[in-house]
Amino acid sequence: MTHSFQSPLPFLGKKRENHIDVVGLNDKSLKAYIKAAKPAIKKQIENAGFEAKPKTTLVLSGENGDVHAILFGLSTPMSLYDSAHAYNAAKSALSAKALKATSFGLSGDDFSAEELNKLHTGWGLGSYKFDFYSEKEREERPALTWHSKADKKRVQSTLDAVLTLKNLVNTPANDCGPEELESFARTLAKTHEAKISVIKDEKLQEKNFPLIYTVGKASPRRPRLIELNWGKAGDPKITLVGKGVAFDTGGLDIKPSQFMRHMKKDMGGAAHALNLAHMIMALGLPLRLRVLIAAVENAIDGNAFRPGDVIKSRKGTYVENTNTDAEGRLILADTLTYAAESEPDLIIDYATLTGSARAALGPDIPGMFSNNEDIARALQDISFEAEDPVWNMPLYQNYHKHLSSSAADIVNSAGLPGDLIYSALFLESFLVEGKTSKKRPDWVHLDCYAWEQTGRPGRPAGGADTGMRAVFAFLENKYSKTKKKK
């Protein structure tokens with residue numbers, strides 16, 4: 001069982017009997033709000049010392065004791081997560097019974113459409129809770145009425161993608177294996193009238209995907225390559241690739257228990273690619289989209305691949321396996337070769353790949369590598385505008401020496417500090433030249449964490465989107481016929 005879109009989202013088409021204004025303020029607008037307020041409201045703001053700073057809220061009471069309004073501070077520039085703090089304040093201010101009879105609305109006409117999209121999206125992000133495995137009754141959520149200037153389709157598509165990504169990553173591995181990832185991809189394809197095909201189990205050997213088969217062969221949950229195609233033939237060809245390791249034991253190089261604990265999230269790359277595809281298709285970007293998901297479980301059995309094994313890849317390169325816990329780059333190697341064979345304009349892969357990327361950049365920021373520096377710089381710049389930062393890392397060619405093998409063409413793991421760079425160089429080496437273009441395609445690799453450690457408003461602990469909205473913003477800016485180019 002995999003969980004699809006969280007539904008319904010906490011939005012209403014019309015006000016309920018009891019309606020409460022949610023007011024976003026900065027220092028300047030707070031002064032204007034106080035000037036127009038009744039003395040009792042002014043006194044509450046003064047007594048609370050509310051200054052409209054980011055991440056702060058104030059629940060105001062009316063003369064009858066009911067909630068009069070909820071104030072929240074705005075960042076400069078406005079943050080996607082500002083309204084998540086207001087959501088939490090609304091949830092804390094009223095009982096479940098009161099919430100059922102109450103609606104909330106963003107007041108004022110000073111916000112731009114883009115800002116209102118942010119505020120609605122942040123409210124939706126604040127509402128997320130993964131509670132599918134609890135017998136407790138689901139909590140009542142504060143419902144926000146749609147502002148007339150908000151873009152419902154954009155907000156809903158973004159939230160569908162982000163919250164579904166979280167659901168997929170949070171779902172335990174016993175309910176989310178390769179078969180369930182395929183099932184989700186089939187639902188996605190049906191929703192958007194895309195074409196889907198799957199190469200499974202021994203067919204992977206027949207169709208020349210030996211690395212994908214080798215990594216997944218020890219699990220009773222059979223490995224597969226999932227392919228989804230959508231869009232018009234004349235549009236730019238974009239291929240998304242996702243690492244779909246449904247659970248990673250580390251293989252025979254078994255992980256210590258503390259590192260295996262959250263390995264249900266090792267399909268986070270697949271979750272990013274599939275839900276980015278949802279955003280692209282739902283919002284109709286003019287792209288010829290292809291999605292490739294290598295879905296496996298890295299299990300331990302008598303037929304598991306071993307340290308020291310040498311496997312011939314789809315490209316023809318012989319790979320010496322020096323670490324069975326470096327399996328993600330193996331399945332991506334065959335997939336990237338396959339992706340490049342069709343000569344796309346751009347390949348983007350997502351993978352929860354290395355601990356060294358986390359050591360370098362922490363949990364929020366994916367390490368980003370590209371063979372095209374112009375693309376890398378543009379993506380990094382727009383990622384910060386999207387509040388979904390990625391960071392351009394060096395694809396340092398001199399480090400290829402650390403991937404040399406005495407028994408084969410290349411090793412999959414150097415076993416040295418700096419693995420995020422070595423893994424990116426390994427992946428790059430499996431891109432092939434097109435038959436007609438005679439060049440390798442532009443490529444971006446995102447080494448993401450897909451996990452929130454501690455939890456914050458709008459970003460609860462558990463599965464997290466890291467780099468998905470950034471890439472969508474980049475693609476929309478570069479390829480959309482209607483979006484203003486930056």
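Which residue in E5 does Ile20 stand opposite? The partner is Phe104, and this pair offers a convenient way into the fold. The structure is a predicted model, in which local features need pLDDT of at least 70, side-chain atom pairs count only at pLDDT 80 or more, and totals for chains, interfaces and linings use all residues. Residues are numbered from 1 along each chain as its sequence is written, and side-chain values use heavy atoms, with hydrogens and water left out.

The protein chain contains 16 helices and 19 strands; these are DSSP runs numbered from the N terminus, with helices (H or I) of at least four residues and strands (E) of at least two. The radius of gyration is 24 Å, close to the 23 Å that the globule rule gives for 486 residues, so the chain is as compact as a globular protein of that length. Here the radius is taken over C-alpha atoms, and the rule is 2.2 Å times the number of residues to the power 0.38. Along the principal axes, the C-alpha atoms fill a box of roughly 80 × 50 × 45 Å.

Of the 486 residues, 58% count as buried, where buried means under 20% relative accessible area, exposed means over 50%, and partly exposed lies in between (1.4 Å probe, protein chains only). The accessible surface comes to about 20900 Å², and 49% of this belongs to carbon and sulfur atoms. Such areas come from the Shrake-Rupley method with a 1.4 Å probe, and for residues only the protein chains shown count as cover. Among contacts (heavy atoms within 4.5 Å) between residues at least 6 apart in sequence, 75% join residues at least 24 apart.

The Ile20 pair belongs to the meeting of strand E2 (residues 18-25) and strand E5 (residues 102-106), which run parallel and are joined by 5 bridges. Two strands are taken to pair if DSSP finds at least two bridges between them. E2 and E5 are part of an open sheet of 6 strands in the order E1-E6-E5-E2-E4-E3, with mixed pairing. Its edge strands are E1 (11-12) and E3 (57-61), each of which pairs on one side only.

The loop between helix H2 (39-48) and E3 holds Ala52, and Lys55 is found in the loop between H2 and E3 as well. Neither residue is a glycine, yet phi is positive at about 60° for Ala52 and at about 75° for Lys55. Their surroundings can be told apart by accessibility: Ala52 is buried, with a relative accessible area of 4%, whereas Lys55 counts as exposed at 63%. Another backbone feature appears in the loop between strand E4 (67-73) and helix H3 (82-93), where Pro77 is placed. A cis peptide bond joins Thr76 to Pro77, with omega about -5°.

Further along the chain, strand E10 (residues 288-298) is mostly covered, with 10 of its 11 residues buried. E10 pairs with strand E8 (residues 224-230) in the antiparallel sense over 7 bridges, and Arg224 stands opposite Ala295 in E10. Strand E9 (residues 237-248) pairs with E10 in the parallel sense over 10 bridges; here Val241 stands opposite Leu292.

Asn298 also lies in strand E10, and this residue is buried, with a relative accessible area of 0%. Leaving aside residues up to four places away in sequence, Asn298 touches a set of residues including Val245, Phe247, Asp248, Thr324 and Glu327. The C-alpha atoms of Asn298 and Leu431, 133 residues apart along the chain, are separated by 24 Å.

A second open sheet to look at has 3 strands in the order E11-E12-E16, and its pairing is mixed. Strand E11 (310-312) and strand E16 (410-411) stand at the edges with a single partner strand each, so one side of each is left without a neighbour in the sheet. E11 and strand E12 (residues 318-320) run antiparallel and are joined by 3 bridges, with Val310 opposite Glu320 in E12.

Among the helices, H15 (residues 419-428) is mostly covered, with 10 of its 10 residues buried. The buried residues of H15 include Asp419 and Glu428 as well as Leu420, Ile421 and Phe426.
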